Amino acid sequence: MIRISPAAALLAALTAPPAGLLADTAATTEPLTIEDSSPMTSPVFGPQEDGDFVPDWAKDAVWYQIFPERFRNGDPSNDPMLADIGGAWPDEPDKPWAIHPWTSDWYKLQPWEEATGGGMWYNIQRRRYGGDLQGILDKLDYLEELGVNAIYLNPIFMAPSMHKYDGATYHHVDPTFGPDPEGDRALMAQETPHDPSTWVWTEADKLALKLIEELHARGIRVIFDGVFNHMGINSWAFQDVKKNQRESPYADWFTVKSWDDPEAGTIFDYEGWFGVSTLPELREDENGIVAGPKDYIFHATRRWMDPDGDGDPSDGIDGWRLDVAFCVAHPFWKDWRKHVKSINPDAYLTAEVIDPIPVLRAYLEGDEFDAVMNYNFAFTCAEFFYETSHAIGPKEFDRKLEDLRGAFHPNVAYVQQNLMDSHDTNRVGSHIVNRGLGHYREWGDYFGKSKAENPAYDTRKPNAYEKQIQALVAIMKFTYVGAPMIYYGGEVGMWGANDPCSRKPMIWDDMTYDPETHNPDQTMKDSPDSVEQDKELLAHYRRLIAIRNAHPALRRGSYRTVLADNDANVFAFVRELDDERIYVVLNNSDGEQDVALPVEDTGAYTDLLAAEEVAFGTDTGVLDLHLEGKSGRILKAAR
């Protein structure tokens, strides 16, 4: 989820083309303001043994975020029915509805959608495509070949929405993600939901455990999305409160503003997350979430981290991503971390907190979270690589990155989830298309501007030049300090505006997709956008991931900026570990650049990205390089 405009989110939820990595059509940007053209280096930054509280494995992670309902439909027999989406906005069961064709034109309304009379933004929230856990299992070979070794799953717990941030439970996987929805519901009906001794394992739950097992067998870790600030109106606890009012055993679980009381003339009313009535908030006091729901959350946490309860967490998930963590008071997170670490000391905890450094510090001191979804990395990279209205040069880029690296315990930087996009943003390709539209860092303003409801937002497919920029950003992401994260489909060139259009069905090479011919307002595009996997971009991502996985210096090594040239718009840094030294050089300008890179090793260098040797003069301490516009090199010294 996100911090701003939650209701809207839920209800709608350069002058010449370069000749670089990817050829192009023309594009335009505004010129950078040049303050100082002298080269620049930074102090050495590196990991620290003392006070290390982050999981060691997370320093090697390459994350892949999966939005389950849109990743793959592996089992059409469990596709949700109209009744399954009741309780999610817009909840109108009398309106026509059907499972949406996976390969259809995204903005084209299907016949049953036209019949609702609701328009694009109404119908797009009712869409279900049938993605499920079997779909993820079916594509484990793809993930393994891509090279990722850590998966972040958006919520999979039972909930009526396509995003599932409106959980009906925390201890059961949604039946429509498993093989026997009807049987699962019958099993769940036998439980006393707040009593873990009565909990059963449904077929969907068991499939989730199989997924965990299969991922672990391939050396891939997995974390679940925890949504502990609120539940959905389908929650068993909330439904009991709604029915039994003050007499409900869960009456103190939620912030009830008024009860049904004919004599007093009041009706049942409660606090919804940011006022959203379908998301009743769990009640908090000065210590965070109150005892009843806190106990339930702690039990559900243990269930997924140690499923068989034998004290060995190897069959459970490897950690959690915490939704809207800023909405829950710090004492709760401190207690919850102790609970998590008592189950698995090696568990990884990352939070969705989209705030400047001073706010983040309280979450990353070792007693709450190990990392955050690193939106500040994304903001900084966007400003440097492609945003035109708020462009920064290499020196400012370097300063902002240095601030981020030094803000917390040094080891936190090595496990931060370095992303460019997610389910709560426009996709990086579309962001580049719309690079002059707004400022990513101004989250509240940009969130709305980057939605397709904005007539100024261009929903077209990125062109070759824009894809080239994405490829350059990827070089930075996979070689910099921190754990790179891919939002599903970014590696094959998927594009889309902000939620809900960043949540299109995954593009697979065994399917034939309709071209995108329609605009959001149902007018026709001037020319159709073909929809297929971008094999060139996919190969680039695979190559970058393989390079990172093969070279410990890129995962755990020290960092030092060696060149930040505002005049040439070139940025370079070095990563070092033991006897491995790797230089990364990025030409962010449109034009070709001859770069004199200061280096420490004499002899030959190998360009890991191009797999070719580069010779340089051994007496000068300078490596003379020629870079095409919007391109980069990853250079390993022969030592």
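**Entry 1: starting out**

Where is the place of P500? I looked it up and landed in the loop between β14 and β15. Helices here are DSSP runs of H or I with at least four residues, strands are runs of E with at least two, and both are numbered from the N terminus.

Before going on, I noted that this is a predicted model, in which local features need pLDDT of at least 70 and side-chain atom pairs count only at pLDDT 80 or more, while totals for chains, interfaces and linings use all residues. I also noted that residues are numbered from 1 along each chain as its sequence is written, and that side-chain values use heavy atoms, with hydrogens and water left out.

**Entry 2: peptide bonds and phi**

I came to P500 for its peptide bond: D499 and P500 are joined by a cis bond, with omega at about 15°. I found another cis bond between W89 and P90, where omega is about -5°. P90 belongs to the loop between β1 (63–66) and α2 (111–116).

Why did I write these down? Most peptide bonds are trans, and most residues other than glycine have a negative phi.

With that in mind I turned to phi. K164 is not a glycine, yet its phi is positive, about 65°. I found K164 in the loop between β2 (150–153) and α6 (181–188). K164 has a relative accessible area of 6%, so I list it as buried. For burial I use these cut-offs: under 20% relative accessible area is buried, over 50% is exposed, and in between is partly exposed, with a 1.4 Å probe and protein chains only.

Q245 went on the same page, with a positive phi near 55° in a residue other than glycine. Q245 sits in the loop between α8 (236–244) and β4 (256–258). Its relative accessibility is 10%, so Q245 counts as buried too.

**Entry 3: two helices side by side**

Next I followed helix α12 (residues 375–385) and helix α13 (residues 394–405), whose axes come within 10 Å and cross at roughly 175°. That makes α12 roughly antiparallel to α13. The axes are lines fitted to C-alpha atoms, for helices over the stretch in contact, and angles run from 0 to 180 degrees between N-to-C directions. Under 35 degrees counts as roughly parallel, over 145 as roughly antiparallel, 65 to 115 as roughly perpendicular and the rest as oblique.

Which residues make the contact? From α12 I listed N376, F377, T380, C381, E383, F384 and F385, and from α13 P394, F397, K400, L401 and L404. Contact means heavy atoms within 4.5 Å.

I also checked burial along α12 and found that 11 of its 11 residues are buried.

**Entry 4: F397 and Y386**

I picked F397, in helix α13, for a closer look. F397 has 0% relative accessibility, so it counts as buried. Leaving aside neighbours within four places in sequence, F397 is in contact with T380, C381, F384, F385, I392, M476 and F571. F397 and F384 are 13 residues apart in sequence, and their C-alpha atoms are 6.2 Å apart.

Then I moved to Y386, in the loop between α12 and α13. Y386 is buried, with a relative accessible area of 3%. Not counting residues up to four places away in sequence, Y386 touches C381, M420, V428, H431, I432, R435, I469 and V473.

**Entry 5: rings**

How many aromatic pairs does the structure hold? I have 58 in my notes. Rings of Phe, Tyr and Trp (its six-membered ring) pair if their centres lie within 6.5 Å; planes under 30 degrees apart count as stacked, over 60 as edge-to-face and the rest as tilted.

I looked at Y142 and W508: their ring centres are 5.1 Å apart and their planes at 80°, so the pair is edge-to-face. Y142 is in helix α5 (residues 140–146) and W508 in the loop between β14 (483–487) and β15 (516–518), so the pair ties together parts 366 residues apart in sequence. Both rings belong to buried residues: Y142 is at 9% relative accessibility, and W508 is at 2%.

My last stop was charges over rings, which I count if NZ of Lys or CZ of Arg is within 6 Å of the ring centre and within 35 degrees of the ring normal. R303 lies over the face of W201, at 3.8 Å from the ring centre. R405 lies over the face of F45, at 5.8 Å from the ring centre.
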